[in-house]
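Visitor: I am new to this structure. Could you walk me through it, one question at a time?

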Amino acid sequence: MRHFISIGDLSREEAVSVLATAEHMAETQSRSLRKLPTLVGATVVNLFFEDSTRTRISFEAAAKRLSADVINFSAKGSSLSKGESLKDTALTLQAMGADAVVVRSGSSGAAHLLAHAGWIDQPIVNAGDGAHEHPTQAMLDAFTLRRHLRPGDARAGLDGLHVVIVGDVLHSRVARSNVLLLTLLGARVTLVAPPALVPVGASAWPCEITYDLDEALAAAPDAVMMLRVQRERMVGGGFFPTAGEYSRRYGLTVARADTLPEHAIVMHPGPMNRGFEIAGAVADSPRSVIVEQVASGVFVRMAVLYHLLATDVREGPREN
Ligand code: CP
């Protein structure tokens with residue numbers, strides 16, 4: 001792998017290989033000495049044009065646990081607020097000796113542009129670009145799903161599983177990356193959303209689409225992934241009548257969660273709107289793996305950095 005921009009760039013074999021490496025990373029992180037010397041001397045730059053808690057911190061933790069140096073660069077307080085271009089920012093990062101750049105941007109295609117414009121030679125990792133993709137989120141979701149529903153085989157896919165993804169699909173880079181990855185790994189995916197929150201063109205995605213959450217839950221899925229309603233991107237409104245109406249039709253209430261099969265898990269990429277798309281009691285219930293998804297993010301991001309930067313890539317890191 002040269003860059004990590006889109007799930008669409010991956011073969012099933014490559015995706016499984018990264019997940020297998022993440023399993024090795026998880027094993028090493030349960031030891032008393034968690035730091036690995038794999039990326040000593042490398043510098044990873046986190047370039048965040050949009051706010052982030054989980055992704056930015058977990059990329060930082062992942063790079064540090066592999067012994068890389070980390071430079072955190074956020075748009076706020078940088079020369080970007082003075083109008084500096086993406087090109088000049090890239091040239092500055094290259095001059096500072098970055099070995100890999102992790103980029104989050106509100107613009108779909110920003111990571112692809114950085115990787116392919118010829119401004120910078122280093123591997124680029126997409127940490128979320130607009131409503132396009134969030135590929136490491138999908139990888140950590142697949143990792144978490146596999147640990148719960150296909151345990152014991154580090155090279156297993158998600159064959160035969162049924163995952164229901166619910167909510168604001170229109171603004172969700174998480175939904176698009178998950179549809180691509182989960183189906184690549186053999187799962188069946190159903191999207192549930194109000195009609196106005198289904199993207200134009202989603203009918204060509206490799207999944208089913210319905211407007212009826214209760215109908216989707218009646219199919220006894222193995223996992224339900226709730227999406228954040230991204231109200232900050234709904235300028236002008238009109239996507240659903242009221243917040244209460246949305247919660248009644250598309251919220252994962254305790255009553256709805258109680259209809260799920262006993263083994264089914266509940267996921268959310270975060271940040272959550274508790275009491276809106278998901279009841280607080282469901283988010284905190286034993287079937288919720290939401291906090292575990294955050295921990296999985298560190299292992300998966302260690303694996304991605306390892307595959308991009310380690311010179312002798314196997315599925316386990318060198319430890320001395
Ligand atoms: N899931 C996710 O991308 O969260 P952050 O915006 O906090 O990084």
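Visitor: Which domain has 35 residues in contact with the other?

Guide: This is a predicted model. Its protein chain is split into domain 1, 7-133 + 295-312, and domain 2, 135-293. Domain 2 brings 34 residues to the contact, and the 35 belong to domain 1.

Visitor: How far apart are the centres of the two domains, taken over C-alpha atoms?

Guide: Domain 1 covers two stretches of the chain, and domain 2 covers one, 135-293. Between their centres the separation is 25 Å.

Visitor: How much area is buried between domain 1 and domain 2?

Guide: The size of an interface is often given as the accessible area lost when the parts come together. Here carbon and sulfur atoms give 59% of that area. The total buried between domain 1 and domain 2 is about 2800 Å².

Visitor: Which three residues supply more than any other three of the area that domain 1 buries against domain 2?

Guide: Together they supply 25% of what domain 1 buries there. The trio is Ile 7, Arg 12 and Leu 19.

Visitor: How many salt bridges are there between domain 1 and domain 2?

Guide: The two domains also share 16 residue pairs in polar contact. For the whole model, the salt bridge count is 12. Between domain 1 and domain 2 the count is five.

Visitor: Which helix gives the most to the side of domain 1 that touches domain 2?

Guide: Several elements supply at least two residues each, including helix 2 (54-65), strand 3 (100-105) and helix 11 (290-309). Another is helix 1, at 12-29. With 11 residues, the top contributor is helix 1.

Visitor: How many residues on that side of domain 1 are nonpolar?

Guide: The side of domain 1 that touches domain 2 has 10 polar residues and nine charged ones. The nonpolar residues there number 16.

Visitor: Which residue meets Arg 233 in a salt bridge?

Guide: Arg 233 sits in the loop between strand 8 (223-226) and helix 8 (243-250). Its partner is 183 residues away, in the loop between strand 1 (43-48) and helix 2. The side chains meet at 3.2 Å, N to O, and the partner is Glu 50.

Visitor: Which side chain has a polar atom 2.9 Å from an oxygen atom of the ligand?

Guide: Residues around the ligand include Ser 52, Thr 53, Arg 54, Thr 55, His 134 and Pro 269. Gln 137 has a side-chain N or O atom 3.0 Å from a ligand nitrogen. The 2.9 Å approach to a ligand oxygen comes from Arg 104.

Visitor: Which residue has a polar backbone atom 3.2 Å from a nitrogen atom of the ligand?

Guide: This residue is among those around the ligand. A cis peptide bond, with omega near -10°, runs from it to Pro 271. Pro 271 is in the loop between strand 9 (265-267) and helix 10 (280-283). The residue with the backbone atom is Gly 270.

Visitor: Which residue has a positive phi although it is not a glycine?

Guide: Look in the loop between helix 2 and strand 2 (69-74). The phi there is about 70°, and the residue is Ser 67.

Definitions and conventions
Residues numbered from 1 in each chain as written. Predicted model: local features only at pLDDT ≥ 70, side-chain atom pairs only at ≥ 80, totals over all residues. Heavy atoms only, no water. Domains from an automatic or database assignment. Contact = heavy atoms within 4.5 Å. Buried area = accessible area lost by both parts, 1.4 Å probe. Salt bridge = Lys/Arg side-chain N within 4 Å of Asp/Glu carboxyl O. Polar contact = N/O pair within 3.5 Å; in protein donor to acceptor, adjacent residues only side chain to side chain. Helix = DSSP H or I, 4+ residues; strand = E, 2+ residues; numbered from the N terminus. Nonpolar A, V, L, I, M, F, W, Y, C, P; charged D, E, K, R; others polar. Near = heavy atom within 4 Å.
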